[in-house]
Structure formats: C-alpha cells, structure tokens
Amino acid sequence: MQRFILSKKNFITLLSGILIVIAFISKLSFGNVDVFHWALIFASVLGVAPIAIQAYQALKVKVVSIDVLVTIAVTGAFLIKNFEESAIVTFLFLFGAFLEQRTLNKTRSAIKELTEIAPQRALKLMENGKFEEVEIDEVDVGDILLVKTGARVPVDGTVLTGEGYINEASITGESVPVSKKKDAQVYAGTILENGTIQIVADRVGEDTTFSKIIELVEEAQDSKSETERFIDRFSKYYTPAVLVFGIIVWLVTRDIELAITILVLGCPGALVIGVPVSNVAGIGNGARNGVLLKGSEVINDFSKVDAVVFDKTGTLTIGNPKVVDIEFYGNDIDEVLSYLASVERESDHPLAKAVVEYIGSTKPHTVKNTEVVKGGGIIAQVDGHRVVVGNVALMEQEKVPLNEKVREDIAQFEQKGNSLVLTSVDGELKVLMGIRDQIRPGVKEDLQKLKSLGVKSLVVLSGDNQGTVDLVARELGLTEAHGHMLPEDKSAYIAKLQAEGQIVAFVGDGVNDSPSLAIANIGIAMGSGTDVAIETSDVVLMNSDFSRLPHALGLTKAMANNMRQNIVIAVGVVLVLLASVFFSEWMNMSIGMLVHEASILVVILNGMRLLRYKLSD
C-alpha cells in the first residue's frame, strides 16, 4: 500500500489542488461552508498520506526528516480544525517536491543527453562478406564495422578504409568536425558528418571512451562534497532541534498554532537541496564542454588553486616533436641509425617516435635486454652491441666520453631550444639529435586567462634540458621553469609548494606524470579520454584540448560561489520566516510554506544558471 501511494504522489498532488479550488469556489461563490470544510478535509487527508509514509520511513532509520516536521504540523492543524492551513500546507509541500524533481531532472540533462545518443546498433561485416545491422551488444573487439554519412560511430576503433569528417562534440565538446583517414582513431557516440569509413573495433560496450565518460559524470554527480556532507550532518541535528524548539514554544505560550507554524517555517529544504543542485548543474556543464570533473570534492580545491604546474611535452606543446638538428660522430652511421631505430621502436615516448619517423625504414634488428632508465632513456643489446639512447645525464652515468666538440654541439642545440637524444654504441658516442616540439596554438592566451582568474604561479617542470624549458617559459610568460626533472623531482617540487601552504594543480598527460597527478591537490590530465587519464586524475580535458582549462577553472569558481549563494539564501529565508512569526501579524503556516517552497525553487533556479555558464573573454 505504501509503495502504491508513493507511486501516485503526483496524482495525489493534482487531486489535492483540485479539492482546494473546489472548496474556495463553493465558499466564495456559493457560500456553501459544508462543501468548503469537507473538500479541505479530504484534501488534507489525501495530501498528508504520502508525506506521512515518507516520515515513517525516515523514523525507521532514526532520521527526523523534513517530512516528519510537516506531518506533525499538518496533523496538529487538522486536530485544531484549521483545515484550510492543513490542506494548503500539504498541497504546497507536495507541489514543491514535484517542481524540485522536475527542475533537478533538467540539471541532469548532460547525462540524459549523453545516454540518449549512445549508439544502439552497428553495421557489422559478416562471414558472407556483407554488412548487416546488429545490436551493439553483438559487436566484439576486432570486428569490422561500416559507418555511413550521418551515422554515429558505434565503438572506439581505428579507420581501415575511407575518409570523412567526424563531429566529436559528444567526446570533446568541440563541434568543429575533425578529418579522419586510414589509421585515425574514432570514438563511440561521435557522428560521421560526411564520407563513408570502415573501422576495426578496438573497444566495445562499457570499455569505450563514451561509456567511461557517462560513468564518470554519473559518479561525479552522485558523489558528495565536504560541504554537502557537512549540510547532511547539520540537517541531521537541525531538524530535531526545530521540533524541540516548537515543543518549547508550545509549552511556554500554550499556542499550538504558533508551535505548528514554527515546525513548517523551520524546514531546511532549501539548505539541503541548494548545494547538490549547484554541483550537478556545474558537472553537467563541464561534461558538455569537454571538461570532466571527477567528483564534487574537486570543486572546492580547484576553485581556490594558487599554483598551476605543467608538464611540457604534450601539455604546453603539441606533443608531436620533430628532429630538426643532427650531428654524427665516427663511422658506420647507417648501421648505427638502424640500431637506434630498432631500439626506439620499443618505446612510445614522443621523442622516440620523432626519431623513428626521421630515420624512416631501416633494416630491423633483434633488441634484447631492454632496460628503461626513468628520466634518462633506454639501454639495450642489439646484435651483441650495447646501445644506449637518452639524455646527457644517461651518457655520463654510462661513462660515455663527451669531448669538447660534443659539449659545444650540445650547448648549441640547447640554445636553439632542442630536446637532446644521444646515442652511443659500445661506450662510444655516435649520434646527437636535436628535437623540437611546437607550442600549442593559443596556449599563451589561455595562460593569461588563468592569471586573470586568480592563479598566482604558472610553473613548467620538464625532463628536458634547462635551455629548452627556459625558452618555452619566456615565450609563454610563465612564472618559473625547471628542467632536468625526473618524475620523483616533479612530485617533490609539488610537495614543497604544498608545504608552503599553496593549493597546487598539476597538468600532465596522465601517463608519465602519474606520481605528480596523484600528489597534487588537483590532478588534471591532458588526454583523449584514455583509461590512464580518466583513472589517475581529478579533471580530464578531453581530446587534450588545453583551451578547456580556463573554462574548467572558471566553472569551479562559479560553482563554489553558487553554492555559497544558495546557502545564504536558504539560511536567510529561514531566519526571516522565524523572525516574522514573532514580530509580525501577517505570518501564518500557509504563507510560510509558500515562502519556504519558493526559496527551494529560487536555489534550484540559481543553481541551474551554471548549465549556461561560459567563460567571458
């Protein structure tokens, strides 16, 4: 029976409202007092039923909820035959709950929009050589799928044949279509605006980037910040306190109507709902704009951030470096380059990819006993030769002699802003390469926006040589620049800033910088929704879009301000209502409940403003 009544709560609200209208029409238009009273009695009994059930369920778990206060107040009004008050209060309370749910559902629109565009079917290549439409659950990793113009990409995959332009707004928040050709990565939920492509499925179902985004945003919206947890604890004690206060007022004044009015006016509804609605709306805005905030706890720290620390490669720079300078030492250079290419193919580091791309196709060699030296490079055995590839520090560690000519070349390369890759074979230096990366377009302007939002320090930490890092810092106007940094050096530097009392955000690629992402107050991953980025960081900037960073910071500041505004509104309304009971003649239970429900709608609408938040230029 309880479940049935609660399932019909909206219908009960409507019926209660109709009965109240009938009551007043019968009295004001026809002077029929009997119909007036009986309509209000039925409205009161009908309206209080779902509220009383919710109060009973709360008391079973030892919680004195708002429903308990309203049930006691309505029952008291009914017993003293104030049917007008009891009927109107129950209707307003139920109608307010209905409006709350409707508006809260709207704040969750980001999740709703995402789930509605999740692909349901796919064109799969069958054994007979034809493409047939199948349910998305029937697609496995390795299957070949056909995507036509206007269709959604069903899975994360790699383009096999064809080309076209894909709208990746559901993943990155950027509506400008991206060109896709052979070997390009595509993501589930994105739209092929023109062209036809065949893809091989790399990740399907819950493993796709799209599904992970939905999961992440759902978890973030359902999580509770420290502010919310404090308000929950506060409400746990505040609501019983209101009940006790109402009883004390009745004992002192013997005015039961005054005591009942206090119970209604003291309800902390706006306080309880104000912070969650800001949280949900803000996280929804971020999801639509390529910013994933991993939990509401992030918001408070990020909004107060003092220093933002950046990795260089792939963060401030594009992450697609090229070999631009090279020097050879000794003989058999072609053979050395083939050794070097074989070793570098073992690594997915951006500098290694640049080396392999520069050398091109060479004779492959068997690489054995590969040892990755953290922050240094790679040591391996190739055809019986000890090949060392890495920076100057690794060469010195391996006691590879660097003569005066080499030292001069190294200095010149560093002055040009190059990252250095040295190669030695059997303890003899053979190749010096200078590799440069391009600074991301628009990064300087984005960094200025961070400063205008109150960030005091912008710092770059890199494993590159100091000369390269200084050039980047000068060009971008950074506060500090530190080179020759190993992963543990970066995390130690962040810990030092924190020890000085600063709130620190670290921006990295989510792979090599996981210690720094973990130790920072806010870890921000530049990544196209990779597993590591999503799992390691507090914030993910989708598609490695640096321009989302100022929006993310501005959004968290707006969310924090919005939460504070809602708390002030909620507490202020309760104080004004309670004061009005004692110091005015016009305040009664019905007016109090109307103002109370209006305050709930005000904080919800205030929170919903975050759905439209945009960082002003």
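Arg-436 and Asp-325 are joined by a salt bridge in which the closest N and O atoms are 3.7 Å apart, a salt bridge being a side-chain nitrogen of Lys or Arg within 4 Å of a carboxyl oxygen of Asp or Glu. This pair connects distant parts of the chain, since Arg-436 belongs to strand 15 and Asp-325 to strand 10, 111 residues apart. The structure is a predicted model, in which local features need pLDDT of at least 70 and side-chain atom pairs count only at pLDDT 80 or more, while totals for chains, interfaces and linings use all residues. Residues are numbered from 1 along each chain as its sequence is written, and side-chain values use heavy atoms, with hydrogens and water left out.

**Salt bridges**

- By the rule given above, the count of salt bridges comes to 16.
- In the pair described at the start, Arg-436 counts as partly exposed at 28% relative accessibility, whereas Asp-325 counts as buried at 15%; here buried means under 20% relative accessible area, exposed means over 50%, and partly exposed lies in between (1.4 Å probe, protein chains only).
- Asp-306 forms a salt bridge with Lys-456, with 3.6 Å between the closest N and O atoms. This pair also links distant parts of the chain, 150 residues apart, with Asp-306 in the loop between helix 12 (297-303) and strand 9 (307-311) and Lys-456 in the loop between helix 18 (443-452) and strand 16 (457-461); helices (H or I, at least four residues) and strands (E, at least two) are DSSP runs, numbered from the N terminus.
- The two partners fall into separate exposure classes, as Asp-306 is buried at 14% relative accessibility and Lys-456 is exposed at 63%.
- The side chains of Lys-430 and Glu-428 also meet in a salt bridge, at 3.6 Å from N to O; Lys-430 is buried, with a relative accessible area of 12%, and Glu-428 is partly exposed, with 42%.
- A network of salt bridges links Arg-121, Glu-133 and Glu-135.

**Internal cavity**

- There is one cavity of 30 Å³ or more, where a cavity is a set of points, on a 1 Å grid over the protein atoms alone, at which a 1.4 Å probe fits but cannot get out, and its lining residues have an atom within 4 Å of a point.
- The largest cavity holds about 30 Å³ of space, with grid points joined across faces, edges and corners and the volume taken as the space filled by probe spheres set on the points.
- Its lining consists of Lys-312, Thr-313, Pro-321, Leu-351, Ser-419, Ile-435, Arg-436, Asp-437 and Asp-464, so that Arg-436, the salt-bridge partner of Asp-325, is one of the lining residues.
- Helix 13 (312-316) and strand 15 (428-436) each contribute at least two residues to this lining.
- By class, the lining has three nonpolar, two polar and four charged residues, with Ala, Val, Leu, Ile, Met, Phe, Trp, Tyr, Cys and Pro counted as nonpolar, Asp, Glu, Lys and Arg as charged, and the others, Gly among them, as polar.**Nonpolar surface patch**

- Leu-79, Ile-80, Val-244, Ile-247, Ile-248, Trp-250, Leu-251, Val-252 and Ile-256 make a nonpolar surface patch of about 820 Å². Patches are made of residues with over 30% relative accessible area and no salt bridge, with like charges joined within 9 Å and nonpolar side chains (Val, Leu, Ile, Met, Phe, Trp, Tyr) within 5 Å; accessible areas come from the Shrake-Rupley method with a 1.4 Å probe, and for residues only the protein chains shown count as cover.
- Helix 9 (residues 226-253) gives the most to this patch, with six residues.
- Ile-247 is found in helix 9 and is partly exposed, with a relative accessible area of 44%.

**Backbone with positive phi**

- Asp-332, a residue other than glycine, has a positive phi near 55°; Asp-332 lies in the loop between strand 10 (322-328) and helix 14 (333-344) and is exposed, with a relative accessible area of 54%.
- Asp-426 likewise has a positive phi near 55°; Asp-426 lies in the loop between strand 14 (419-425) and strand 15 and counts as partly exposed at 47% relative accessibility.

**Contacts between separated positions**

- Leu-337, found in helix 14, counts as buried at 14% relative accessibility; Leu-337 and Thr-362 are 25 residues apart in sequence and 8.0 Å apart in space, C-alpha to C-alpha.
- Asn-606 lies in helix 24 (residues 589-608) and counts as buried at 12% relative accessibility; the C-alpha atoms of Asn-606 and Gln-565 are separated by 8.4 Å, with these positions 41 residues apart along the chain counted as their distance apart.

Key. On a 1 Å grid over the protein atoms alone, a cavity is a set of points where a 1.4 Å probe fits but cannot get out, and a pocket is an open set with protein on both sides within 12 Å along at least five of seven lines; lining residues have an atom within 4 Å of a point.
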